[in-house]
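Thank you all for making time this morning. I would like to walk you through one model, and I will take the strands, then the helices, then two backbone details.

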Amino acid sequence: MPSSLTRRELLKDMGLLSMGAATITALGPIEQLGESWGDKPGILVRPPWARTVSKPTVEIDWEAIYRFDERNTVRRGWSKYMDEEAFKAVQEQNAVAAYERNRAGQPGYSTRDIALYRASGIGASQSFLGPENVAKPEENNIPRWEGTPEDASEMIRSALRAFGAATVGFVELDENTEKLIYAIDPDGKELVISEDTEVPEETETQRIIPKSARWVIVWTVQMSQEGMMRSPTPVGAATTALTYAENRAIQSRLQGFLRGIGYYGVGEAETNALAISPAFGVLAGLGELSRLNRMITPEYGPMVRVFKLITNLPLAPTSPIDAGIMNFCRSCKTCATYCPSGALNTNSEPSYETQGPWSRGGVRTWYENSLACRNYWAEVGTNCGICFAVCPFSVKDRALIHSMVKSVVGTTTLFNGALAELSRTVYSPGLKDQPQKDPEEWWSLDYSEFGIDTRQGHRDA
Amino acid sequence: MLFWIIAGFLLGAGALYLRRHPAIKLMWFDWLLLLVAIIFFMLAIENYNGSMSELEPRAAAVLLASFGIPGLILTAIVAVRAWRGMQKVGAGASAKA
């Protein structure tokens with residue numbers, strides 16, 4: 001062993017130390033694996049395990065698909081599926097449930113929790129035709145924007161991100177996808193696709209979409225994992241209410257933007273109107289259909305709300321994806337296990353068989369008992385959300401383990417059962433009808449804006 | 001970034017220690033085990049830090065143990081083998097004297 005260090009040896013040793021530091025620092029970005037997949041302008045670019053495919057992973061029988069009356073969903077048609085007396089009882093329960101729990105001192109139902117929930121839904125208004133306070137190009141004698149469909153997709157994606165959207169995709173309407181537009185809107189107005197007009201119109205009884213408007217813009221808006229983990233309390237429900245409220249502004253801004261470049265966009269006249277959002281989301285490759293019978297995205301899991309708008313601006317469509325999500329749902333079943341109302345389907349394989357007339361059918365999925373779900377909302381006085389909270393894909397992306405697991409899930413089905421079990425053990429330690437995290441603790445968090453991490457899934461701030 | 005710089009310096013320091021103690025003889029598979037152990041340690045620390053920043057202390061603890069314990073076991077195997085090797089060299093030298 002050398003008893004003293006010569007200058008030469010010291011220099012060699014310093015070189016070794018520096019090389020070690022440099023190598024590891026260079027390898028450091030491996031930490032970013034899950035973060036650097038950000039979609040390129042216009043086109044969603046995912047890591048290799050989230051492959052684009054020609055058909056969605058969910059099987060669709062387009063022959064069986066027809067334009068559905070939105071009022072037949074339990075959202076709007078709740079009373080249709082119960083006898084009058086029973087409906088009256090649950091409605092009464094719905095109106096007072098949160099306050100009764102407050103008076104009983106139930107955690108998560110404090111006065112401030114309820115106020116947060118109620119206030120989160122406040123926001124901009126939305127309409128089918130959108131605001132008219134952005135000047136059309138011809139009003140100022142400037143040319144309307146022109147470009148390729150790819151340029152247009154890139155532009156819309158950038159604008160939507162700036163307005164508050166997360167991921168963005170595009171679908172071109174054809175004789176099949178057109179059937180995903182509702183026949184009747186929630187307020188009873190008929191949605192007419194017309195070849196007789198070049199501009200959208202709204203009358204007392206109809207909303208008219210010109211046949212020339214062939215493109216659907218679909219986007220997600222992130223929900224807060226930290227908020228949702230407090231479901232089914234009002235703190236959990238607040239994130240859903242906030243996301244819908246945020247989107248009313250996002251949709252109006254997008255409609256204003258399209259008007260400002262010389263085109264138009266027709267949007268939801270109210271929440272969940274116009275067309276079936278998750279269906280368009282799946283077709284646009286924003287995610288896959290799941291056991292929740294909702295869309296799960298590779299970036300945020302189910303922690304998003306999905307929205308859409310129909311436009312006459314020609315856009316380059318994005319492709320559906322296979323990130324192993326639907327296959328994972330086959331063996332996972334965490335959401336169905338934790339669902340307090342037993343509304344979610346526990347069969348391993350999806351099916352064409354619906355659980356009630358509130359679902360249109362025609363899609364091989366896990367149909368839910370929407371009535372049981374809605375009645376549970378009335379019981380807890382919120383819109384629940386436990387199934388979203390416990391989903392193994394509802395994770396943030398700061399720990400490398402998430403990218404590692406998602407890449408395994410996207411590559412092979414071999415470990416799905418074990419990974420689902422591991423996820424339940426680590427991330428969902430709560431009881432099935434209780435919040436997974438302490439609602440009271442939420443008030444002491446150093447909460448981010450809207451409770452979301454806007455870097456998740458993107459690169460450029 | 002700071003974590004990776006510190007990890008790099010620790011690795012460099014480890015390499016420097018081995019270089020300055022030529023009595024420690026490692027076989028090729030010892031180096032392989034050390035490499036795997038280092039990867040486990042990196043994963044343990046990265047996932048611990050990541051999970052803590054995700055406000056998931058339970059996941060942080062599970063992941064620290066899941067990756068850290070195999071890393072410790074592998075390091076212990078290499079250390080014991082190296083120590084035994086040094087003992088043998090020492091015993092051989094005493095016998096010759």
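What follows is a short tour of this model, beginning with its confidence scores.

Please keep in mind throughout that this is a predicted model. The overall scores are an ipTM of 0.86 and a pTM of 0.89. For chain B, the mean pLDDT is 89, and 95% of the residues in that chain reach 70 or more. Within chain B, the confidence is lowest in helix H1, residues 2-19, where the mean is 86, and highest in helix H2, residues 28-53, where it is 95.

Let me turn to chain A, and to its sheets. One open sheet in chain A is built from four strands in the order S3-S7-S11-S8, and the pairing there is antiparallel. At its edges are strand S3, residues 168-172, and strand S8, residues 265-266, each of which pairs on one side only. If you look at S3(A) beside strand S7 of chain A, residues 215-222, you will find five bridges between them, again in the antiparallel sense. To give you one register point that you can check on the screen, A:Val171 has A:Val216 in S7(A) as its bridge partner.

There is also an open sheet of three strands in chain A, with the order S4-S6-S5, and here the pairing is mixed. The edge strands in this case are S4 and S5 of chain A, each pairing on one side only. Where does the mixed character of this sheet come from, in terms of the individual pairs? Strand S4 of chain A, residues 190-194, runs parallel to strand S6 of chain A, residues 206-210, and five bridges join the two. Strand S5 of chain A, residues 201-202, by contrast, pairs with S6(A) in the antiparallel sense, over two bridges. On the parallel side, A:Glu190 stands opposite A:Gln206 in S6(A), and A:Leu191 has A:Arg207 as its bridge partner. On the antiparallel side, A:Glu201 stands opposite A:Ile208 in S6(A). S5(A) and S6(A) also form a hairpin, with three residues between them.

Now to the helices, and in particular to helix H7 of chain A, residues 234-260, which packs with helix H4 of chain A, residues 111-120, at an angle of about 15° and with the two axes 7 Å apart. At that angle, H4(A) is roughly parallel to H7(A). The crossing of H4(A) past H7(A) is left-handed. By class, this contact has 10 nonpolar residues, one polar and one charged. On the H4(A) side the contact residues include A:Ile114, A:Leu116 and A:Tyr117, and on the H7(A) side A:Val235, A:Ala238 and A:Leu242 are among them.

H7(A) also packs with H5(A), at an angle of about 140° and with their axes 10 Å apart. H5(A) and H7(A) are therefore oblique to each other, and H5(A) passes H7(A) in a right-handed crossing. In this contact A:Ala159, A:Leu160 and A:Phe163 of H5(A) meet A:Ile250, A:Arg253, A:Leu254 and A:Phe257 of H7(A). Sorted by class, the contact of H5(A) with H7(A) has six nonpolar residues, no polar ones and one charged.

How do these two helices sit with respect to the four-stranded sheet? Helix H5 of chain A, residues 149-163, lies across S3 and S7 of chain A, and runs at about 140° to S3(A). H7(A), for its part, lies across S7, S8 and strand S11 of chain A, the last of these being residues 304-311, and runs at about 25° to S11(A).

I will finish with the two backbone details that I promised. Which peptide bond is cis? It is the bond from A:Ser231 to A:Pro232, with omega near 10°, and A:Pro232 is found in the loop between helix H6, residues 225-228, and H7 of chain A. The other detail concerns A:Asn272, which has a positive phi of about 70° although it is not a glycine. A:Asn272 lies in the loop between S8 and helix H8 of chain A, the latter being residues 277-283.

Methods
Residues are numbered from 1 along each chain as its sequence is written. Chains are lettered from A and ligands numbered from 1 in the order in which they are written. This is a predicted model: local features need pLDDT of at least 70, side-chain atom pairs count only at pLDDT 80 or more; totals for chains, interfaces and linings use all residues. pLDDT is the predictor's confidence in each residue, from 0 to 100. Two strands pair if DSSP finds at least two bridges between them. Axes are lines fitted to C-alpha atoms, for helices over the stretch in contact, and angles run from 0 to 180 degrees between N-to-C directions. Angles under 35 degrees count as roughly parallel, over 145 as roughly antiparallel, 65 to 115 as roughly perpendicular and the rest as oblique. A crossing is left-handed if the near helix is turned anticlockwise from the far one by less than a right angle, and right-handed if clockwise. Two residues are in contact if their C-beta atoms, placed from the backbone, lie within 7 Å. Ala, Val, Leu, Ile, Met, Phe, Trp, Tyr, Cys and Pro count as nonpolar, Asp, Glu, Lys and Arg as charged, and the others, Gly among them, as polar.
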